[in-house]
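Please open the model in your viewer and keep the selection panel at hand. The tour moves from a sheet to the helices beside it, and then to a further helix.

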Amino acid sequence: MAEVHGDGGYRMLAELLEASHLATLENVPALVARHAARVGLRDPVIYLADLCQDMLVELTAAGTEGDRRHQPVDSSLPGRAYGHVEIVVREPGTHGTPGTPGTPKMPGAPGRGQGSGPPAAHRVWLPLLDGTERLGVLGATVPEWGPVAREHLRALASLVALMIVSKRPHSDTYARLVRSRPMTLPAEVIRPLLPPLTVATPDLVVCAQLEPAYEVGGDIVDLALSGSVAHVSVFDAMGHDQSSGLITAIATGTCRNERRQGTGLVATSEAIDRAVGMQFGRRRFVTGVLADLDRRTGELHWVNRGHPPPLLIRGGRRLIRLDRPPAPPMGFQLDAEPRQWTYQLEPGDRLLLYTDGVVEARDEHGRPFGLNRFVDLTLRRQSDGLPVPETLRRLMRSLLDHHGGRLQDDATVMLVEWQGDEARRLLV
């Protein structure tokens with residue numbers, strides 16, 4: 001008989017963790033099902049988000065891609081749990097298979113069938129989070145929805161996410177699962193270099209989105225926390241060939257190497273300039289913005305190397321362009337002296353870094369997406385009250401729709417919020 005109370009939850013987690021050490025990614029669903037049964041959680045299922053975050057794809061022990069179930073992010077209960085970063089409960093008696101739209105209810109409210117007679121089972125969905133980065137969704141059936149079941153599911157989802165992250169780097173199964181089409185070689189080179197695309201602390205949220213997911217060749221973002229300083233950078237390499245992927249890798253590797261030695265922003269940009277210039281004989285280049293934010297004071301420092309200027313959204317309405325004279329792009333090794341700029345943020349400010357592929361994307365009639373449309377959509381998505389990762393996902397969907405589903409250039413957006421209220425929306 002399942003142990004719904006007592007220390008059953010602790011033993012479930014401890015034994016699942018112990019079993020995970022020698023497990024492969026394909027073993028995870030069966031291990032979760034076996035150990036979740038200890039606390040009365042039935043029929044667990046794991047869905048992982050595809051690279052475009054349009055679909056949730058089931059993780060199974062075996063079988064071909066066609067054997068796996070899919071759930072759309074925009075029109076399913078698992079998709080709602082993923083997009084809104086919340087627990088979604090399907091009421092007992094709702095018709096349809098698990099995951100199809102039913103009647104969700106607030107997680108804390110009692111369900112029908114409770115209070116008289118045996119309690120009716122609830123199907124529950126909650127996001128799988130690596131820190132604050134969304135990986136997918138965990139679903140399970142619980143005999144009774146309440147604080148105990150909620151505690152067990154939240155703990156189980158946290159452990160399942162850690163298991164997936166620990167298996168992902170050496171699993172081709174994971175790479176195949178989250179892809180719906182082949183990836184280009186430059187994208188294959190760049191993807192492993194990416195940091196987590198959502199990182200948060202109580203006073204900071206950083207989130208990024210890159211498109212096209214399978215063909216990105218010259219864009220990359222980087223972020224790192226060290227003490228009170230948050231470093232963020234965006235790079236955009238010339239071209240869309242294999243060389244552009246190599247330029248991006250050199251720029252990112254040089255930036256990290258210099259930063260970890262305590263080098264400042266100006267000197268780091270000069271090191272990237274030399275590294276790219278020496279490799280390509282001053283014939284190729286990369287633009288970029290390198291920035292450091294003091295999380296205690298809100299003081300922002302940045303260097304712009306031929307890149308679109310950072311934007312600042314204040315109060316959810318006011319736009320401030322941090323339009324300072326840029327230095328030349330990196331790779332030409334010109335005789336120029338880059339300058340570091342400084343700006344004081346206010347609590348709740350949101351910094352936007354982006355590449356020119358966002359504003360210069362053109363529709364079938366040649367009309368650019370444009371800076372005004374980009375800012376307007378960003379502001380409108382903010383007012384939707386959705387978590388930042390979902391805001392950026394929907395912003396990119398709007399950009400792709402404008403361009404007929406295909407981008408001619410890489411498009412990247414990074415959003416940084418300082419001392420706002422966004423961090424609390426990223427956890428369940």
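Two strands are taken to pair if DSSP finds at least two bridges between them. With that in mind, and noting that this is a predicted model, select residues 204-211 and residues 411-418. These are strands E9 and E18, which run antiparallel and are joined by 8 bridges. Within this pair, Glu211 stands opposite Ala411 in E18.

Next, widen the selection to the whole sheet. Its 6 strands form an open sheet in the order E8-E9-E18-E17-E14-E15, with antiparallel pairing. Which strands stand at the edges? They are E8 (198-201) and E15 (318-321); each has a single partner strand, so one side of each is left without a neighbour in the sheet. From one strand to the next, the twist averages 15°.

Now add the helices that accompany the sheet. Select residues 371-383 to show helix H10, which lies across E14 (311-314), E15, E17 (350-354) and E18 and runs at about 35° to E14. Then select residues 388-402: this is helix H11, which packs on the sheet and touches E8, E9, E17 and E18. The direction of H11 makes about 25° with that of E9.

Finally, turn to residues 28-36, helix H2. Its buried residues are Val28, Pro29, Leu31, Val32, His35 and Ala36. Looking down the axis of H2, one finds these buried residues within an arc of 165°, so they line one face of the helix. To see what covers them, display elements including helix H1 (8-20), strand E1 (42-49) and helix H4 (147-167).

Definitions and conventions:
Residues are numbered from 1 along each chain as its sequence is written. This is a predicted model: local features need pLDDT of at least 70, side-chain atom pairs count only at pLDDT 80 or more; totals for chains, interfaces and linings use all residues. Side-chain values use heavy atoms; hydrogens and water are left out. Helices (H or I, at least four residues) and strands (E, at least two) are DSSP runs, numbered from the N terminus. Axes are lines fitted to C-alpha atoms, for helices over the stretch in contact, and angles run from 0 to 180 degrees between N-to-C directions. Contact means heavy atoms within 4.5 Å. Buried means under 20% relative accessible area, exposed over 50%, partly exposed in between (1.4 Å probe, protein chains only). The arc is that of the directions from the helix axis to the C-beta atoms.
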